[in-house]
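Work through the following exercises with the sequence and the model side by side. Each task is followed by a solution that goes step by step.

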Amino acid sequence: MTSTNTNNQNNVDESFSNTEPKRVKVYVLENNEWKDNGTGFCTGEIRDVEEGDEITKSAYLVVSSEDDQKETLLRSKVEGNIEYQRQEETLIVWKDLNGNDIALSFEESIGCDTLCEFIIQVQRHIENSISLISVKSSDNGIGSVHEIVAGPVILPSTDKDQNTDTLYDALKIVNENSIYDYMKNETIEFILQSSYINLLIDHFHRAEKGKMIKDLFLLSTIIKTLILYNQRDIIELMVDDEHIMGIIGILEYDTEFPNLKANHREYLKLNGPCFKEVIPLENKDLELVVKKYFRLKFLKDVVLVRFLDDNNLNSFMDIILDLKTCIIDWLQTDPFLDKIMNIFSTDDDSSKKRDAIRLLHQYVGMSKDLDPIDKTKFYRTLVRKGLFNVLSYAFSQEKDSNLRILATDLIITIIEHDILLIHNIQNEKTKDTAIDDNFPPASDAITDDMKLLSILSTILLSDKSPGLMEQVVQALSTLLHPDGCLAGTDGEFSNFSSISSINGFDVNDSDNSYGMDGIFNSIDRDNNETEANKQLKIYFNKFYSQIAPFLFKPLMPKANIDCSELDDFLLIHLLKLISFIATEHTRLISRKFILENGILKTLSQLIGPTHILQLRLTAVRCFKNILNLNDKYYHRYIISNNLVDPIFELLKDNLFEDNLATSCILDLLNIVSLNCTLDSGKENDQNAKHNLTEKSKSLNKAKNNFTILNKHIIGKYGSIIKELSSFPFIREMFEFDRITNEIEKELDIETDIDRISPNDTDTNKSDATTENCKRSYSELETSENSNSNEDVSKFELDQHVVTS
Amino acid sequence: MELEKTIRLLKEGKHLSEERVYDICLKSQELLITEGNVTHVDTPVTICGDIHGQLHDLLTLFEKSGGVEKTRYVFLGDFVDRGFYSLESFLLLLCYKIRYPDRITLIRGNHETRQITKVYGFYDEVMRKYGNSNVWRYCCEVFDYLSLGAIINNRIFCVHGGLSPDVSTINEIKAIDRKQEVPHEGAMCDLLWSDPDDVDKWSLSPRGAGFLFGSNEVEEFLHTNGFELIARAHQLVMEGYKEMFDGGLVTVWSAPNYCYRCGNVAAVLKIDDQLERNYTIFDAVQPQDGVGNAIIPTKQPQMDYFL
């Protein structure tokens, strides 16, 4: 026995009555031809019929002639199992119980709509067995598309005694009903209104006890089919307290693994309800939301992981996202969060504090895919309510690296969303309250907005956990990334069009053969900087004055730190950060810092053989990145201090090996060669050689950073590099060197470099280069020192560096 | 010995401590850093395609193809993502590499990157198994050290994706500093992302990275470098392998019933000393735990939960 969507006949809506007359033509099929029976007005009529004591209702389609209202053209009872077809927009066609084919052709589609709606109502309330089908020609014009609009829908049996047959039928029914929206919706309504799911769960317990394998697999397939309906209410119904265990139990049986049973219930019983409460959660509604969230994730990730298609998966994700938003919203309004934060300002035992960190980490993790505005709101609340106390605890008192990792992860999530959020709120807070000063190092000198950077730097230099170190580096890079500052402070992404000016790191823009142009441009642009730009500038300046000297201390020769004592992996991280600030930060500031502190000299030493190869190559890459900036000052500094020497020592040792060291250095040489080509343009062009002006132009171009570097490299290490002549770009390096020499000689231009033959000693050579460099600086100074004070001081710095 | 124990645990899909994973990753770095971007391998050797975290099928692969004790292997990348045991699969291969350095060559696939693994499962898997991302970070660092290709007896070129318009000779690959996240364009990207197709010139790839290349490009590359075959993976083949361009290129796919639902078989390609090609086809099997009980592969549920 199966039930249908029969509703109580007496339950007819009061408003359900005769329809407005609509103009229509009536046709009847006679001898295979449609005969026009006249034009009139069609109404749907409801009549009460007395049958003995009972009054029942009947429905009719009536058409009265437009010529004579009293003449009835058609009076057809809506009854039995008549199938009405709505063809396209204006036609209703059916065969009545006497076998007559009748068609109503409406003047307007709106008239057809009215009568179709009438038929639908009749199907719902009076004659359940009739149906209305919509027939439309398909998009490609071939054939037609049938869609049920109303009609009897067969539904699964709600008999209390389920058995293999009823289940089999039910499976067939839910499968078939999923094809048409109408039937699907009726089925969904049925599932939600009846207690069919409970019925299945009851039978499941019997079937499991009685080892009725067939029934178990049928139940599982029925539930899965219902999940494929992809209907939010059904999915939510399945994961509520009443149904979850039954549903998960049923899903432990899977036809894909006929000999196995999963143990989802056992897992949920042991771990699921064992939600840890750091402090008692009083809001029971929220408890259910959190549990639903957990259960849906469990269904998605574990129980149904091989089953859900992309569509289902999206539905699950949508529901999960809604629940998350709800949870995060609640956290901010309820005093719960205050209580959690309070744990850190009391003497509660450390295990409670640890759990509180884990809890906060969980909720911040949960917030990751929320709407950006919701995220900003949540993070601001967190910071306002005292997130810093939590961090302070995690980084100064807590010794367990794992918890520090969670705390760092939490910060990263927040700063990746908005790097200024923490320090802005911190600034606003410090105006009224002093924050406890547990942080190393010498916190007197560190302003509050630098506190986070300071903490992270301290951890990087002191904590030995490799995972934590990597995370901290990520956090530092995020905090120090100029692009990150694009995110506004109010949770909306403001578009600061001139923001890049403060960074001046646009390599392409600033470094076409004369490295300084771009920088001056960016300074010009700085003149109309916005308030936000100013703040950023201050922020980065503070970093270089307060944090960088501490963070990069191990790399400063002055500090007299024996690098061999330091962890090579720490040095790798520091080198990556140097690479980062050199390439991403305002050139003026980062270069000043790097050169003034002799950091490149340490870098050069790190390429030496006492260190692990990973570090040595990281140092080579750092040079590569800096050389690639095509910055006159860096290039001259590196050449005059012979800083690339160790690179070629390393190359010499690996010359006949095929390994990452050779690849890494080959890549560096390729960059040099490539930049010579790019910058010197027509140097290879034979025609250019015959024309003196062209030649001098070439030479001018030839005197760029890379041709000078090329000369330096070929002059000093030509014999090593020659071994690599199988690479075309190596041969080009020699060719560039030859052409440069040739042009210079021909033009009889006396340069210091020219006077040194390749056989001269290294010292002479480098002196000469230094001399050459000095000259180029003074040139620059006289031609360009009309610029701002800041620039003059920078030139002084550079001179100081070069001559020292 | 410690390593043997680790291998056993991994085969059973058991949890390793973060420290242990770090050690494995560090040792692997040290080995991989000595390898060229294109490593040279001798016959006989068995070439394997995508694995995608299907640990139990990887174990079958070893079983059906002789095992690492007796056989030399080249893996063409895509060890992680999609399947539920990315971590164990990748670490097992690394352990074998440490244990038998000359028997296992690992080539980087397009899934061996930070960006891709964050989206396609490996990152989430580690987060579920460890509650933090450390182990994922260690593995990603190893990804950066993996070779980009291999050459068998100077005659067969192995790569994950395919050819690049920027690479006409093997020498050009050697000058790439491969220790980096896979870029979005250029030779390194193409080698990991390109696909062969019925095209008459380099064409845009629907994947949004790498190129489509046809028989002309393959012929030219083989001729220039004196090769007879390009062995690559990267694309699901229902039959496990597919030769194209008069046998000048083969796609090898080694993840049976891909994503636990595609219904495909898997293959490995054995190259003998005469450079003859022998394909071994295998099917997905019912996974087992360490003591022989059948298990249903699934993701590990998240650990603690806080209210």
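**Exercise 1.** Locate B:Asn134 and state whether B:Asn134 is buried or exposed.

B:Asn134 lies in helix H7 (residues 134-143) of chain B, where helices are DSSP runs of H or I with at least four residues, numbered from the N terminus. The model is predicted, so local features need pLDDT of at least 70 and side-chain atom pairs pLDDT 80 or more, while totals for chains, interfaces and linings use all residues. Residues are numbered from 1 along each chain as its sequence is written, chains are lettered from A and ligands numbered from 1 in the order in which they are written, and side-chain values use heavy atoms, without hydrogens and water. With a relative accessible area of 0%, B:Asn134 is buried (under 20%, with exposed over 50% and partly exposed in between, for a 1.4 Å probe and protein chains only). Leaving aside residues up to four places away in sequence, B:Asn134 touches A:Ile405, A:Gly467, A:Leu468, A:Gln471 and B:Glu18, a contact being heavy atoms within 4.5 Å.

**Exercise 2.** Compare the expected span of helix H13 (residues 372-384) of chain A with the model.

The expected span is 1.5 Å times one less than the number of residues. For the 13 residues of H13(A) this gives 18 Å, and the end C-alpha atoms are 18 Å apart, which agrees. Among the buried residues of H13(A) are A:Phe378, A:Tyr379 and A:Leu382. Just after H13(A), A:Gly386 takes a positive phi of about 115°.

Technical notes
Helix = DSSP H or I, 4+ residues; strand = E, 2+ residues; numbered from the N terminus.
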